[in-house]
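User: I am new to this structure. Please take one part and walk me through it closely.

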Amino acid sequence: MKIATWNVNSLKVRLPQVLNWLATHQPDALCLQETKMEDAVFPLQDIEQAGYRAVFAGQKTYNGVAILSKLVAADPVIAIPGFDDPQKRVLAATIAGVRVVCLYVPNGQSVGSDKYQYKLAWLQATTAWLKAELAAHPKLVVVGDYNIAPADIDVHDPKTWEGQVLCSEAERAALQQLLAIGLQDGLRLVEPAAQIFTWWDYRMNAFKRKMGLRIDHILVSAAMAAAILRCSVDLEPRRHERPSDHAPVMAEFAG
DNA sequence: ATGGTAGAAACTCTA
């Protein structure tokens, strides 16, 4: 089973690239973030023509998540229970017996800002929710744009980024709290020490200059960690014309 | 000393 995640930064702009990527890689599930569209205009027909189903929770202009899958996505959840949030950032569904959770963690803007406080509160609420999801579904995979680089190895220039948003201690601690419910970093299970990035700023030729961060992750429960075969970042779409600023990440599991 | 770029939408905000 192949499960992938990709922050597309507008599904309207990136739809041809997404359809292309589905055809090439044939994931069982592809989780999207920053679709930036209301449900009424979601391109369901194009996705169905490509052989996929979709569940989605979107809004105009900002945020928005979707899960594309070959098989039915059952028991969808489109909000963090008990956490009042107008922003569409979570989607969970069960696909072929695996609980797949798609997250678009708030960016946080800058350390100490209102958006940063929201990010930390959001992560706390998400951790509590996912603890319950894990108890109900031992086969759990939590993917998405976390907007957190877990460690300095995940940052092109740790000194410049030290203490900044995406790298601050409180954000990294919040990610560790989420891992502590019983999740592991899928990429690190497969690539313990390599420097691998998933996001590069559009500005200053950051991609060409390899000025990236690893902020998109595939977290897996113990049952899924035991089955993981591969996990990698696909740089090809980031080289494409009119790319998303994020690259897709994909994991493959036995069975 | 603050910009650079991209997207959506609308003359600004978010990332």
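**A close look at helix 3**

Analyst: Start with the residues of helix 3 that are buried: Tyr-116, Lys-119, Trp-122, Leu-123, Ala-125, Thr-126, Thr-127, Trp-129, Leu-130, Glu-133 and Leu-134. Keep in mind that this is a predicted model.

Helix 3 covers residues 114–136. Its 23 residues should span 33 Å at 1.5 Å a residue, and because its end C-alpha atoms are 33 Å apart, the two values agree.

What covers the buried residues? Strand 5 (74–77), strand 6 (90–95), strand 7, strand 8 (140–145), helix 5 (169–179) and strand 12 (216–221) are among the elements that do so.

Now the cores. The largest nonpolar core has 36 residues. Ile-3, Ile-67, Val-141, Ile-218 and Phe-253 have the most contacts inside it. Strand 7 (residues 98–104) gives the largest share of this core, four residues. A second, separate core has 23 residues. Trp-129 belongs to this second core, as do Val-90, Leu-178 and Leu-179. In soluble globular proteins, nonpolar side chains tend to be buried together.

Helix 3 also holds Lys-115. A polar side-chain atom of Lys-115 lies 3.4 Å from a phosphate oxygen of DNA strand B. Arg-242 also has a polar side-chain atom by a phosphate oxygen of this strand, at 3.3 Å. For Arg-203, the partner is a base oxygen of DNA strand B, again at 3.3 Å. Around DNA strand B there are 16 residues. Ser-10, Arg-14, Lys-60, Thr-61 and Arg-203 come nearest. Helix 1 (residues 11–25) gives the most to this surface, with three residues.

Notes:
Residues numbered from 1 in each chain as written. Chains lettered and ligands numbered in written order. Predicted model: local features only at pLDDT ≥ 70, side-chain atom pairs only at ≥ 80, totals over all residues. Heavy atoms only, no water. Core = buried A, V, L, I, M, F, W, Y, C linked by side-chain atoms within 4.5 Å. Buried < 20%, exposed > 50% of the residue type's maximum accessible area, 1.4 Å probe, protein only. Helix = DSSP H or I, 4+ residues; strand = E, 2+ residues; numbered from the N terminus. Expected span 1.5 Å × (residues − 1). Contact = heavy atoms within 4.5 Å. Near = heavy atom within 4 Å. Polar contact = N/O pair within 3.5 Å; in protein donor to acceptor, adjacent residues only side chain to side chain.
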